[in-house]
Amino acid sequence: MLDISKNSVSMAKHIFHQHIQSGDVVLDATCGRGKDTLFLAGLVGKYGQVYAMDIQVAAINSTYGLLKDKGLMDRVILIKDNHVNLLEHLHGVSPRAALFNLGYLPGGDKKIITRPDTTIEALNQTITFLAVGGWISIVFYTGHEGGREEYEAVSRYLAGLPQSLVTVMEWKYLNQLNHPPGLLLIHKVGEL
Ligand SMILES: C[S@@+](CC[C@H](N)C(=O)[O-])C[C@H]1O[C@@H](n2cnc3c(N)ncnc32)[C@H](O)[C@@H]1O
């Protein structure tokens with residue numbers, strides 16, 4: 001059982017654990033070092049598929065190395081591209097879940113970060129193509145330059161979405177020190 005009191009990533013994983021099934025197709029929109037991709041690859045099983053995207057070669061290489069080591073690359077499609085182009089790679093497939101872990105690559109260039117306009121555009125596309133009943137998690141960070149602005153812009157966009165399309169939730173840790181990551185959750189309940 002995942003300990004949801006630990007941090008936002010543990011809560012996001014808890015939700016995905018409940019809702020992703022063997023054989024599902026899911027999207028990791030920011031694969032970074034591959035830890036989240038690895039988690040998703042475990043959930044979808046050998047008949048499932050994880051589309052994993054990142055704009056940096058270093059991230060794609062890290063994710064490839066990790067998944068290859070674990071013998072799970074056969075269920076992962078790695079895509080080095082901006083997630084605003086995700087539809088070009090999904091070829092009409094409706095993912096059951098999508099994960100956005102915002103900010104910069106751990107141990108990488110801190111100037112290469114997710115940005116409000118591209119994050120919102122990628123979320124907009126993901127919400128449109130997500131299967132009804134599906135989930136999106138957005139782990140966000142407010143401790144780096146631009147992080148709080150991105151969180152505020154994304155929250156404003158999500159708060160304006162119709163209730164007949166999605167339910168939007170926020171999960172917060174109120175007494176953790178040093179800008180703990182936060183979590184926005186989207187549950188798709190209908191079509192536009
Ligand atoms: C916090 S890291 C992700 C951590 C990752 N999920 C893991 O398990 O290691 C954020 C990642 O987003 C990537 N990124 C930033 N802007 C992007 C964009 N527009 N499209 C795709 N990836 C992007 C960065 O290169 C970085 O690797």
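This is a walk through the cores, one helix, two loop residues and the empty spaces of a predicted model.

Let us start inside. A general tendency is worth keeping in mind: nonpolar side chains tend to be buried together in soluble globular proteins. Here the largest nonpolar core has 28 residues, and those touching the most other members are Phe100, Leu123, Ile127, Ile136, Ile138, Leu158 and Ile186. At least two core residues come from each of strand S2 (49–54), H4, S4, H5, S5, H6 and S7. Helix H6 is the leading contributor, giving 5 residues. If you would like one residue to centre your view on, try Ile136. Beyond its neighbours within four places in sequence, Ile136 is in contact with Phe16, Ala98, Phe100, Leu123, Thr126, Ile127, Leu130, Leu184, Leu185 and Ile186. Another core lies apart from this one; it has 26 residues, including Met11, Ile20, Ile60 and Leu183.

Helix H6 deserves a visit of its own. It runs over residues 147–159, and at 1.5 Å a residue its 13 residues should span 18 Å; the end C-alpha atoms are 18 Å apart, so the expected and modelled spans agree. Which residues of H6 are buried? They are Gly147, Glu150, Tyr151, Ala153, Val154, Ser155, Tyr157 and Leu158. These buried residues pack against helix H5 (116–129), S5, strand S6 (166–171) and strand S7 (182–188).

Next, turn to two histidines in loops. His91 is in the loop between helix H4 (86–90) and S4, and its phi is near 50°, a positive value in a residue other than glycine. His91 counts as exposed because its relative accessibility is 66%, and the cut-off for that class is over 50%. His179 sits in the loop between S6 and S7 and also has a positive phi, about 50°, although it is not a glycine. With 53% relative accessibility, His179 therefore counts as exposed.

Now for the spaces between the atoms. Rolling a probe the size of a water molecule over the atoms shows where empty space is left. How many cavities of 30 Å³ or more are there? The count comes to 1, and the largest cavity holds about 50 Å³ of space. Its lining is made by Val9, Ala12, Lys13, Phe16, Asp36, Leu99, Asn101, Ser137 and Val139. Two or more of these lining residues come from each of helix H1 (8–19), strand S4 (97–101) and strand S5 (135–140), with H1 giving the most, 4 residues. By class, the cavity lining has 5 nonpolar, 2 polar and 2 charged residues.

The open spaces come last. About 810 Å³ of space lies in the largest pocket, which is lined by 37 residues; nearest its centre are Asn101, Leu102, Tyr104, Pro106 and Tyr141. Asn101 thus appears in the cavity lining and in the pocket lining. H1, helix H2 (35–44) and S2 each supply at least two residues of this pocket's lining, and the largest share, 3 residues, comes from H1. The lining divides into 13 nonpolar, 15 polar and 9 charged residues.

The second largest pocket has about 180 Å³ of space. Among the residues lining it are Tyr151 and His179, the former a buried residue of H6 and the latter the loop residue with positive phi. Others in this lining include Phe140, Arg148, Glu170, Lys172 and Pro181. By class, the lining of the second largest pocket has 6 nonpolar, 3 polar and 3 charged residues.

Notes: Residues numbered from 1 in each chain as written. Predicted model: local features only at pLDDT ≥ 70, side-chain atom pairs only at ≥ 80, totals over all residues. Heavy atoms only, no water. 1 Å grid on protein atoms, 1.4 Å probe; cavity = no way out; pocket = protein on both sides within 12 Å on 5 of 7 lines; lining within 4 Å. Points joined across faces, edges and corners; volume = space filled by probe spheres on them. Nonpolar A, V, L, I, M, F, W, Y, C, P; charged D, E, K, R; others polar. Expected span 1.5 Å × (residues − 1). Buried < 20%, exposed > 50% of the residue type's maximum accessible area, 1.4 Å probe, protein only. Contact = heavy atoms within 4.5 Å. Core = buried A, V, L, I, M, F, W, Y, C linked by side-chain atoms within 4.5 Å.
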